[in-house]
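Please look over the sequence and the model shown here. A short report on selected local features is given after them.

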Amino acid sequence: MENGAGTGTGVEAIYATVAALAALDAEDAALASAGASGTAGDGVDVLQRAYEIRLERMGLEKKLESQASARKVRSATEAMDLQHAMTPPDAPLHDRTYAEISTVEEIAGILTISSGAASAFVTQSRQVCAMPPVMDALSAGSLSWQQARIFADETEGLDHAAAAALVEHFLDPDAPNPARGCPAPELVPARLRAKVRGWRERHHPESIEKRHRKGVADRRVEFTPDRDGMAWIASYLPADQALAVWNDLTATARSLQGPNEPRTLAQLRPDILIHRLLTYRGAIAPGPTGTGYVLGDAPEDMLGLATVVGSDEPATDPGISDHPGSHGNRAPADAAKVPTPRADVLVTVPFFALLGLTGEPAVLDGYGPIPASMARQLLSAGAESFRRVLLDPSDGTPLEIGRTSYRLTKAMRKALHLRDGKCAFPGCSNNALDNEIDHLKAWQHGGSTGISNLAQVCPKHHRLKHNSGWEPTPAAKDEPPGWTSPTGQQYQAEQPDREPPQWPPGILPPEISALEGLLLRLLSG
């Protein structure tokens, strides 16, 4: 059968991984015989080498899990194929349907999962088996099942050619336009999904404008009870509104932190949110077509849905009474003494999309691709927190970063924001709102204050860099730094996945000179 190919090779790969694990176990046993001396006969530091063995072992165990997942995926797909082969071609639809349901229930029982989970697993297994590069990477142990599922999820709804192009872009280094920077198998799932989804949005056969209109119609708020007297409130919102809420909560929470504030950032966000929701009694008015409703007659401290700007005025009391022994006993009035910082957000827009000549997606920092119409609305509304970044029509590189960055320090900060996009530490998704600018090579050690010696890192990884053996590798003007772990493991930097933008019908790239006047007026306006 088609999906049965490579079964023997998969077993051989598993045997090789198990043999490597056995070799590490033997070395570990030899180290243990060194006893309490702390040094093996050849001068090896026993504790350090034992630590390194654990790390190497985890890497091999991760590889083995992927290889075992590949076999399970292949077995599930083949089981369904065999069931179909055993069903007579002229069998009634009723018989074929129940034969498939029966097989799914068999798989559910064997894997000890629900029938719904088994059905989803079978569907994903078939999708992965239909993408040979994904299946090969999973079988080799370089791609985890969680990562493979991302390719299955993000290719759903795409035709075969589009799905193949997406997979080729991320997994084939010889593709015409391969993904830059850190290879897909080395990205943590959240970062891989963000990059794959970004590419999918730009190449989806149905425009993002049309899909966004469908999504807006499904907006909702959901309530989910949880344990210990707790519950979840989740809102499905247009991306600009959801990001506005999150950034405003974060900026306000940051402004309240200090030596007299015992609550963490994670605790402050819900306290501020609940105060604003439960103390607001304004009216609700119809919003623009397709956007639902907006809040009216809000108090001055109420978040505006079309902005992520906080306020230069003192922040109002977030209001939730502190429970003694949990959040402390800070007087709520103290919050009024702290200004709420503004939260600058970059909106990267292809030149022709900003003019409304193409429907190519823009990119909202901290989220990803958004409809060009949403970007035009954010920028035309005059919200000072949004910084426009235009992309060159010829090659997709940034042309400029806003028109208000006059001072060098502000310009460099925006340039780093655009280059790195998030905390530069591997696997971290913290966006630029919370990040700090750090010298890769310290000033006192001869480092310069140039963009090639700077990176943005979140507070946690900034502290880690200065208090451990993690070292950034050199950066470049258009590339963030990679990192080297204390044990010498190399982590490549993520890089933007830019492509030449779309051109409107009737305009050819050689005619770009005819648009220079318009471009200059737009940049200076």
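The report covers salt bridges, helix packing, contacts across the chain, loop residues and a surface patch.

## Basis

The structure is a predicted model. Residues are numbered from 1 along each chain.

## Salt bridges between α1 and α2

The salt-bridge count comes to 19. One of them joins R57 to D25, with a separation of 3.4 Å from N to O. R57 belongs to helix α2 (residues 46-86), while D25 belongs to helix α1 (residues 7-32), so this pair ties together parts that are 32 residues apart in sequence. D25 is partly exposed, because its relative accessibility is 40% and the partly exposed class runs between 20% and 50%.

E27 and R49 form another salt bridge. Their closest N and O atoms are 2.7 Å apart. E27 sits in helix α1 and R49 in helix α2, so the link again ties together two parts, here 22 residues apart in sequence. The two partners fall into separate burial classes: E27 is partly exposed, with a relative accessible area of 30%, whereas R49 is buried, with a relative accessible area of 14%. R49 is buried because that value is under the 20% limit.

## A network and a buried pair

The E27 and R49 pair does not stand alone: salt bridges that share partners join E27, R49, E52 and E56 into one network. Side chains of opposite charge can pair when their charged atoms come close.

R263 and D271 make a further salt bridge, at 2.7 Å from N to O. Are these two residues buried or exposed? Both R263 and D271 are buried.

## Contact at L60

L60 is a residue of helix α2. At 18% relative accessibility, L60 is buried. Its C-alpha atom lies 6.7 Å from that of L21. Along the chain, L60 and L21 are 39 residues apart.

## Packing of α6 and α8

Helix α6 spans residues 145-155, and helix α8 spans residues 189-203. They pack at an angle of about 20 degrees. Their axes are 10 Å apart. Helix α6 is therefore roughly parallel to α8, because angles under 35 degrees count as roughly parallel. The crossing of the two helices is right-handed.

## Loops on either side of α6

S142 lies in the loop between α5 (132-140) and α6. S142 is partly exposed, with a relative accessible area of 35%. Which residue is 78 residues from S142 in sequence and 9.7 Å from it in space? That residue is L64, with the distance taken C-alpha to C-alpha.

D159 is in the loop between α6 and α7 (160-171). With 43% relative accessibility, D159 counts as partly exposed. The C-alpha atoms of D159 and P205 are separated by 8.5 Å. These two residues are 46 residues apart along the chain.

## Positive phi in two loops

Which phi value does T112 have? Its phi is positive, at about 55 degrees, although T112 is not a glycine. T112 is placed in the loop between α3 (93-111) and α4 (115-129). T112 is exposed, with a relative accessible area of 70%. That class applies because the value is over 50%.

D228 also has a positive phi, of about 60 degrees, and is not a glycine. Its loop runs between β1 (220-225) and β2 (231-236). D228 is exposed, at 76% relative accessibility.

## A nonpolar patch

Which residues make the nonpolar surface patch of about 340 Å²? L273, I274, L277 and L278 make this patch. I274 is located in helix α11 (residues 265-279). At 35% relative accessibility, I274 counts as partly exposed. I274 can be part of a patch because patch residues need over 30% relative accessible area.

Terms used:
This is a predicted model: local features need pLDDT of at least 70, side-chain atom pairs count only at pLDDT 80 or more; totals for chains, interfaces and linings use all residues. Side-chain values use heavy atoms; hydrogens and water are left out. Patches are made of residues with over 30% relative accessible area and no salt bridge: like charges are joined within 9 Å, nonpolar side chains (Val, Leu, Ile, Met, Phe, Trp, Tyr) within 5 Å. Accessible areas come from the Shrake-Rupley method with a 1.4 Å probe; for residues, only the protein chains shown count as cover. A salt bridge is a side-chain nitrogen of Lys or Arg within 4 Å of a carboxyl oxygen of Asp or Glu. Helices (H or I, at least four residues) and strands (E, at least two) are DSSP runs, numbered from the N terminus. Buried means under 20% relative accessible area, exposed over 50%, partly exposed in between (1.4 Å probe, protein chains only). Axes are lines fitted to C-alpha atoms, for helices over the stretch in contact, and angles run from 0 to 180 degrees between N-to-C directions. Angles under 35 degrees count as roughly parallel, over 145 as roughly antiparallel, 65 to 115 as roughly perpendicular and the rest as oblique. A crossing is left-handed if the near helix is turned anticlockwise from the far one by less than a right angle, and right-handed if clockwise.
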